[in-house]
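Q: Please take a close look at one part of this model, the open sheet, and then set it beside the empty spaces and the aromatic pairs.

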Amino acid sequence: MSKSGETTSPDFLFESSWEVCNKIGGIYTVLSSKARTLHRQYGDRVIFIGPDSGHSGPDFIADPSLFPEWTAHVKAQETLLRLRTGRWNISGRPPVILVDFKPFFSRRNELFFEIWEAFGVDSSAGYGDYDESCLFACAAAMAVQSFYRFHRLEDRRVVAHFDEWTLGMGLLYLRKHLPAVATVFTTHATTVGRSIAGNGKPLYGYMEGYYGDQMARELHVEAKHALEKQAAHRADCFTTVSDITAVECARLLDRAPDTVTPNGFDPDVVPSGDAYDARRGRARQTLLRVAEKLLGAPVDPEAFLIATGGRYEYRNKGIDVFIEAMNRLRLSGELPRDTLAFILVPAWVYAPRADLKAALEQDYPQTVPMQTPFLTHWLRRMTDDPVMKFIFHAGFSNRPSDRLKIIFVPCYMDGNDGIFNLPYYDLLVGMDATVFPSYYEPWGYTPQESIAFGVPTVTTGLAGFGAWAKGVVAGETMDDGVAVVRRTDDNYFEVAEAVAGALLALSRKGDAERKVIRKACFDLASKTEWKHFITRYDTAYEQALAKAAERNKNNSVVSS
């Protein structure tokens with residue numbers, strides 16, 4: 001509401017992302033879980049725009065009855081715009097427009113020159129996924145422009161929301177060609193910040209010494225950074241996902257976000273009651289069965305199961321710290337029961353192990369360990385893989401006598417990996433604890449998901465979620481559902497020791513104590529539901545609409 005009491009919510013809301021109907025990373029979880037809440041608010045007036053890969057995956061349900069007059073008009077125009085309408089096959093089933101960006105390669109130079117001329121974004125240093133991302137962004141913006149003009153929305157409040165640098169050029173295109181539309185830009189992690197951390201440079205203690213443009217040149221991400229920076233400055237409302245990243249944006253992008261929009265969670269994906277117990281039992285049975293075949297020895301049904309997961313950013317996500325902490329637990333001699341540590345991180349997989357797959361399918365007795373009993377899927381260039389190198393270097397052997405065994409699951413847990421054949425959530429629920437000791441983590445869905453499924457977790461104060469949790473609970477131990485470990489640029493071993501200590505303490509808890517901790521997880525997770533966090537987006541839309549209205553009012557005065 002505005003001060004006068006007049007509603008300032010959007011009449012139409014478009015949100016564009018590379019991960020709409022395209023499950024490739026954490027932003028997919030953000031959008032897909034947020035979509036249900038937005039659809040409740042706006043109905044079919046919230047429309048998501050994603051890339052058309054040329055085939056209909058399980059996420060997309062074609063629906064030609066959506067906006068048929070407009071789609072017929074687009075087709076009749078014989079432009080480069082190719083699109084399909086349908087619904088996202090998630091809770092709420094919001095409308096989706098999939099845009100084929102490939103035809104726009106013929107206009108690449110023209111579009112990039114136009115954005116350079118208007119906003120000074122130099123695309124000449126772009127490489128890798130830069131061209132595809134930018135052309136999809138332009139195509140998404142053109143879809144919004146076409147929809148707006150066809151439906152004559154000049155007198156309606158329209159917001160176009162663009163996620164990450166990959167959609168930055170779409171925001172700039174719309175700002176140039178359709179300034180009446182209010183724009184929101186969300187960066188989930190800055191290009192330069194992620195690059196600094198990923199290249200082993202100290203990010204936090206030296207933040208005031210960094211200059212975004214200079215570091216972009218040094219780290220060879222000039223084009224992405226320039227695009228991200230201009231989108232942040234030109235957006236009617238600029239947001240990011242945590243207070244930690246807000247500081248990073250102010251320093252490296254030279255603009256502080258207008259508001260912080262933390263990532264919420266959709267509780268409907270979590271089972272309850274008997275269904276929860278059944279899924280947890282199935283997950284544990286699956287995990288133990290795979291481990292027994294791989295290790296060639298029985299595993300205690302009451303074994304303590306630990307996991308880490310997420311994107312394969314070895315240092316940024318703290319995968320190195322996790323292995324170090326597991327090694328300390330292994331060597332401590334203090335674990336009260338058998339422990340399995342799983343690394344659920346997708347890597348460069350060659351194929352599921354044929355020997356492991358056969359053992360599972362035929363269910364014959366496995367009495368000796370398989371070759372390389374740390375790995376469920378063969379890797380390409382395995383000798384160069386950082387996880388495998390550290391496992392070997394640390395001296396893990398996974399002998400039956402070892403109290404702790406470590407297992408690397410280097411595939412996407414999409415339910416079709418060839419070994420577990422269960423999606424990530426259906427394995428997560430079977431864990432006793434998770435660890436996400438991130439160095440660079442703008443928000444951190446993985447620990448948030450963990451507590452939502454009743455699994456206590458360890459994270460760090462450098463994760464946006466960890467910093468948020470510290471404002472709600474003490475976070476000193478896993479008794480609160482989450483233990484938030486202090487992490488700096490250079491306290492690697494201190495973090496590993498703290499992780500090991502938190503897990504050792506949890507492993508000694510009895511059933512009654514763990515039941516109380518599980519309730520603490522659910523209680524904390526309930527505070528992160530979208531029904532609480534969506535108000536931050538409502539604020540962002542209101543701010544964007546107000547700024548766009550003021551801009552267009554001024555433009556009208558000038559033109560008259």
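A: The sheet is described first, then the pockets and cavity, then the aromatic rings.

The model is predicted. Its open sheet has six strands, in the order β14-β11-β10-β15-β16-β17, and the pairing is parallel. At the edges are β14, residues 404-409, and β17, residues 482-485, each of which pairs on one side only. On average, neighbouring strands of this sheet are turned by 20° against each other, with direction ignored.

At one end of the order, β11 (residues 339-344) runs parallel to β14 and is joined to it by six bridges. Within this stretch, Phe-342 stands opposite Ile-407 of β14. Strands of a sheet pair through backbone hydrogen bonds, in a parallel or an antiparallel way.

A helix also lies across part of the sheet. This is α15, residues 445-452, which crosses β10 (304-309), β15 (433-435) and β16 (457-460). The helix runs at about 155° to β16.

Next come the pockets. The second largest pocket has a volume of about 390 Å³. Its lining is made up of 20 residues, and those closest to the centre are Arg-280, Asp-432, Asp-511, Arg-514 and Arg-518. Helices α10 (273-295) and α18 (511-526) each supply at least two lining residues. The most comes from α18, which gives seven. By class, the lining of this pocket has eleven charged, seven nonpolar and two polar residues.

As for enclosed space, the structure holds one cavity of 30 Å³ or more. The largest cavity contains about 40 Å³ of space. Ala-125, Gly-126, Tyr-127 and Tyr-130 are among the residues that line it. The lining also includes His-220, Val-221, Glu-222, Ala-223 and Lys-224. Helix α8, residues 222-234, provides the largest share of this lining, with three residues. The lining of the largest cavity divides into five nonpolar, two polar and two charged residues.

The aromatic rings remain. The count comes to 28 aromatic pairs. One of them is formed by Phe-185 and Phe-238, whose ring centres are 6.0 Å apart and whose planes meet at 20°. Planes under 30 degrees apart count as stacked, so this pair of Phe-185 and Phe-238 is stacked. The two residues belong to distant parts of the chain, 53 residues apart: Phe-185 is in strand β7 (residues 182-187), and Phe-238 is in strand β8 (residues 237-240).

Terms used: Residues numbered from 1 in each chain as written. Predicted model: local features only at pLDDT ≥ 70, side-chain atom pairs only at ≥ 80, totals over all residues. Heavy atoms only, no water. Pairing = 2+ DSSP bridges. Helix = DSSP H or I, 4+ residues; strand = E, 2+ residues; numbered from the N terminus. Axes fitted to C-alpha atoms, helices over the stretch in contact; angles between N-to-C directions. Contact = heavy atoms within 4.5 Å. 1 Å grid on protein atoms, 1.4 Å probe; cavity = no way out; pocket = protein on both sides within 12 Å on 5 of 7 lines; lining within 4 Å. Points joined across faces, edges and corners; volume = space filled by probe spheres on them. Nonpolar A, V, L, I, M, F, W, Y, C, P; charged D, E, K, R; others polar. Phe/Tyr/Trp six-rings, centres within 6.5 Å; stacked < 30°, edge-to-face > 60°.
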